[in-house]
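Here's a quick briefing to read with the model open next to you. Have a look at the fold before going through the points below.

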Amino acid sequence: MNNVILIGMPGCGKSTAGVVLAKVLGYEFTDSDLLIQKREGKLLREIIAEYGEERFLEIEGEVNAGIQVDRHVIATGGSVVYSGKAMKHLKEIGRIVYLKLSYATICSRLGNIRRRGVVLKDGQSLKDLYDERTPLYEAYADIVLDAEGQDVEGLMDAIAKALDIL
């Protein structure tokens with residue numbers, strides 16, 4: 001299948017750049033966080049509060065492993081990389097692009113991360129989370145794209161160029 005899958009930390013621009021990229025490519029746009037919310041009938045933060053982080057990660061893995069689309073730009077939740085099954089599936093249906101940003105930039109972009117539905121274990125800081133996820137993003141990515149200092153248009157152009165699709 002011919003999809004572009006965007007991975008990376010919350011606040012790195014997956015959804016924002018993904019919508020623009022989909023328009024430019026003539027693709028559909030899918031936000032896997034919205035698929036999770038639709039399936040569960042709750043906001044991400046409500047799912048995490050009600051079921052706990054572990055169950056949320058299971059749900060996220062199930063939803064992402066079940067995505068069956070073609071010619072879509074898919075923005076994933078930042079924690080999708082914890083599900084090997086979901087990442088294997090996503091790799092089978094498209095090319096995975098990691099939008100890499102520095103920890104300082106992620107910090108400056110994020111407000112209340114709990115309100116965004118970010119999975120943090122008890123006592124885990126955003127820096128701990130960044131350090132834990134970065135190697136996973138890099139391992140799963142077909143393309144690692146430095147998104148530092150890029151606006152939406154620049155990021156979209158860089159993704160398209162890296163994928164050789166424009």
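What follows covers the sheet, the helices on it, the nonpolar cores and a few local details.

Keep in mind that this is a predicted model. At its heart for this briefing is an open sheet of five strands, all described here by their pairing and order: β2-β3-β1-β4-β5, with parallel pairing. The biggest nonpolar core counts 45 residues, and a second, separate core has eight.

**The sheet**
- The two edge positions go to β2 (28-31) and β5, and each has a single partner strand, so one side of each is left without a neighbour in the sheet.
- On average, neighbouring strands are turned by 25° against each other, with direction ignored.
- Between β1 and β3 there are three bridges, and the pairing is parallel.
- If you want a spot to look at there, find L6, which stands opposite A75 in β3.

**Helices on the sheet**
- Helix α2 (residues 32-40) packs on the sheet and touches β2 and β3. Its direction makes about 60° with that of β2.
- Helix α7 packs on the sheet too, with β1, β4 and β5 as the strands it touches. Here the angle is about 145°, taken between the directions of α7 and β4.

**The nonpolar cores**
- In the largest core, V4, I7, V97 and I159 are the residues that touch the most other members.
- Elements giving two or more residues to this core include the strands β1 (3-7), β3 (72-75), β4 (94-100) and β5 (143-146). The helices doing so are α1 (14-25), α5 (84-93), α7 (126-140) and α8 (152-163).
- Helix α8 supplies the largest share of this core, with six residues.
- Leaving out residues up to four places away in sequence, V97 touches V4, I5, L6, I7, I143, L145, I159 and L163.
- The second core is separate from that one, and among its eight residues are I36, F56, I59 and V119.
- As background, nonpolar side chains in soluble globular proteins tend to be buried together.

**Local details**
- R71 is worth a click: this residue has a positive phi of about 60° although it is not a glycine.
- You'll find R71 in the loop between α4 (53-65) and β3.
- R71 has 39% relative accessibility, so it counts as partly exposed, given that this class runs between the 20% and 50% cut-offs.
- K127 lies over the face of Y103, at 5.4 Å from the ring centre.
- The structure also holds two aromatic pairs.

How values were computed. Residues numbered from 1 in each chain as written. Predicted model: local features only at pLDDT ≥ 70, side-chain atom pairs only at ≥ 80, totals over all residues. Heavy atoms only, no water. Core = buried A, V, L, I, M, F, W, Y, C linked by side-chain atoms within 4.5 Å. Buried < 20%, exposed > 50% of the residue type's maximum accessible area, 1.4 Å probe, protein only. Helix = DSSP H or I, 4+ residues; strand = E, 2+ residues; numbered from the N terminus. Contact = heavy atoms within 4.5 Å. Phe/Tyr/Trp six-rings, centres within 6.5 Å; stacked < 30°, edge-to-face > 60°. Lys NZ or Arg CZ within 6 Å of the ring centre and 35° of its normal. Pairing = 2+ DSSP bridges. Axes fitted to C-alpha atoms, helices over the stretch in contact; angles between N-to-C directions.
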